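Me: I've got a structure open and I'd like to learn how to read it. Can you walk me through the features one at a time?

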Amino acid sequence: YAAKADRSGVVVHTPALDRHDPARLGLFGDLRRGIRDGDLRVHYQPKATLTDGRVVGAEALVRWAHPQRGLLPPSEFIGLAEATGLVRTLTDVVLARALADCRDWRAAGRELTVAVNLSARVLLDPTLPCRVAALLAEHDLPAACLELEVTESAAMQDPAQALDVLRRLRGLGVTLSVDDYGTGHASLSYLSRLPVSTLKIDRSFISTMEVDGTGQVIVRSTIELAHALGLRVVAEGVETRCTWQRLRTLGCDEAQGFWLARPVPAEDLLARVAAVETRTGVPALTG
Ligand code: C2E
Ligand code: MG
Ligand code: MG
Ligand code: MG
């Protein structure tokens with residue numbers, strides 16, 4: 001079983017995190033080996049604009065093809081990677097894979113962007129902007145193809161350091177967004193002073209929209225406030241057509257969620273994008 005930590009790097013102390021715990025040490029060894037042996041997989045979830053239903057990008061979501069336990073979701077190993085520092089190598093692997101896949105989609109005629117999630121530990125690393133710049137150059141991609149997602153708690157952990165790294169990433173031309181918005185303690189006014197352009201409203205707010213009025217009030221006012229501050233808004237966790245349509249009425253900019261598509265391997269993404277656009281009503285191109 002995995003250690004529990006959120007992306008802010010705040011580790012919830014469970015017995016699994018005891019340094020002397022053989023299960024944890026075993027998993028750590030497995031993960032280090034797995035990363036080295038190329039056992040990480042990256043799946044992609046499309047993101048579409050609510051105005052015209054077009055897919056504009058995809059979020060990279062890591063999985064680990066464990067030799068005995070099968071394909072593991074991030075909840076099983078990201079906490080451990082963060083607690084042990086392996087997350088830095090893991091992120092470099094995901095970034096390289098995501099940029100290579102993004103280049104393939106573009107070569108196939110779809111100008112999609114790709115989004116990569118960053119843990120606090122990775123965001124606070126002063127060498128990150130240089131590594132990102134080198135990877136973009138290596139893959140011959142403009143920085144605008146890459147979006148980096150950070151949580152509010154990661155940005156709050158060491159605000160001065162986070163701001164410095166975010167500014168340098170923004171300086172490269174990378175798009176920055178705040179992930180899981182609403183689950184941390186950052187105010188919108190603080191976030192609006194960061195060089196971020198997008199707010200992703202956490203799934204927990206989106207899923208309660210249909211069941212209670214409060215959820216909808218929160219989502220509506222967040223969209224209005226974010227727009228007033230010049231931020232784009234993405235809704236995560238859109239699971240029904242009803243929610244998609246409601247978000248459209250509320251003026252939300254983009255959406256992601258199982259109703260559009262679940263995360264898929266890179267080679268399936270373009271077919272999935274076409275299916276999403278059929279569902280959202282984008283007229284198919286002829287010829
Ligand atoms: P996240 O960045 O907020 O990503 C969205 C998560 O919600 C994904 O889970 C996705 O599969 C799931 N999801 C998307 N739409 C829906 C929906 O409509 N309903 C429901 N129930 N779930 C939906 P996943 O892939 O298990 O990833 C979980 C978290 O792991 C991510 O949350 C992110 O915080 C972290 N993560 C994933 N990949 C990476 C990575 O490469 N690096 C780091 N540091 N963290 C990662
Ligand atoms: Mg994310
Ligand atoms: Mg998210
Ligand atoms: Mg989330």
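Reply: Happy to. Keep in mind that this is a predicted model. Let's begin with burial, where under 20% relative accessible area counts as buried. Glu 59 comes out at 7%, so it is buried.

Me: Which metal ion does Glu 59 help to coordinate?

Reply: To read a metal site, list the protein atoms that hold the ion. Glu 59 (OE) is a donor to the magnesium ion (ligand 2), along with Asn 117 (OD1), Glu 149 (OE) and Asp 179 (OD), at 2.0 to 2.2 Å. Written along the sequence, the spacing of these donors is E-x57-N-x31-E-x29-D. Glu 59 sits in strand 4 (residues 55-66) and Asp 179 in strand 8 (residues 175-181), so this pair ties together parts that are 120 residues apart in sequence.

Me: Are Asp 179 and Glu 149 buried or exposed?

Reply: Use the under 20% cut-off again. Asp 179 has a relative accessible area of 2%, so it is buried. Glu 149 is buried too, with 1%.

Me: Where does Glu 149 lie?

Reply: Glu 149 is in strand 7 (residues 146-151). For a feel of how the fold brings parts together, look at C-alpha distances: Glu 149 and Ser 177 are 28 residues apart along the chain, yet their C-alpha atoms are separated by 4.9 Å.

Me: Which residue coordinates both the magnesium ion (ligand 2) and the magnesium ion (ligand 3)?

Reply: When one residue turns up in two donor lists, it bridges the ions. Here that is Asp 179, and the two ions are 3.6 Å apart.

Me: What are the protein donors of the magnesium ion (ligand 3)?

Reply: They are Asp 179 (OD), Asp 180 (OD) and Glu 236 (OE), lying 2.0 to 2.5 Å from the ion. The sequence spacing of this set reads D-D-x55-E. Asp 180 lies in strand 8, while Glu 236 is in the loop between strand 10 (232-235) and helix 11 (241-249), so this pair ties together parts that are 56 residues apart in sequence. As for burial, Glu 236 is buried at 12%, whereas Asp 180 counts as partly exposed at 22%.

Me: Which protein donors does the magnesium ion (ligand 4) have?

Reply: Read it the way you read the others. The protein donors are Asp 180 (OD) and Glu 236 (OE), at 2.3 to 2.5 Å from the ion. Asp 180 bridges this magnesium ion (ligand 4) and the magnesium ion (ligand 3), which lie 3.0 Å apart.

Me: What about the backbone: what is the phi of Asp 180?

Reply: Start with the rule of thumb: most residues other than glycine have a negative phi. Asp 180 has a positive phi of about 55°, although it is not a glycine. Asp 140 is another non-glycine with a positive phi of about 55°. Asp 140 is found in the loop between helix 5 (128-138) and strand 7, and with 66% relative accessibility it counts as exposed.

Me: Now let's zoom out. How many helices and strands does the protein chain have?

Reply: The count is twelve helices and twelve strands. To judge overall shape, compare the radius of gyration with what a compact globule would have. For 287 residues that would be near 19 Å, and the protein chain has 19 Å, which agrees. The C-alpha trace spans about 55 × 45 × 40 Å along its principal axes.

Me: How much of the protein chain is buried?

Reply: Buried residues make up 52% of the 287 residues. You can also ask how far apart in sequence the contacting residues are. Among contacts with a separation of 6 or more, 66% come from residues 24 or more positions apart.

Me: And what does the accessible surface come to, and how many charged side chains are positive or negative?

Reply: The accessible surface is about 13,100 Å², with 53% of it belonging to carbon and sulfur atoms. For charges, count each sign and then compare where the two sets are centred. The protein chain has 33 positive and 35 negative side chains, and the centres of the two sets lie 1 Å apart.

Technical notes
Residues numbered from 1 in each chain as written. Chains lettered and ligands numbered in written order. Predicted model: local features only at pLDDT ≥ 70, side-chain atom pairs only at ≥ 80, totals over all residues. Heavy atoms only, no water. Donors = N, O, S within 2.8 Å, 3.2 Å for Na, K, Ca; no water. Helix = DSSP H or I, 4+ residues; strand = E, 2+ residues; numbered from the N terminus. Buried < 20%, exposed > 50% of the residue type's maximum accessible area, 1.4 Å probe, protein only. Rg over C-alpha atoms; globule rule 2.2 N^0.38 Å. Contact = heavy atoms within 4.5 Å. Areas by Shrake-Rupley, 256 points an atom, 1.4 Å probe, with all protein chains shown as cover. Lys, Arg positive; Asp, Glu negative; His and termini not counted. Charge placed at Lys NZ, Arg CZ, Asp CG, Glu CD.
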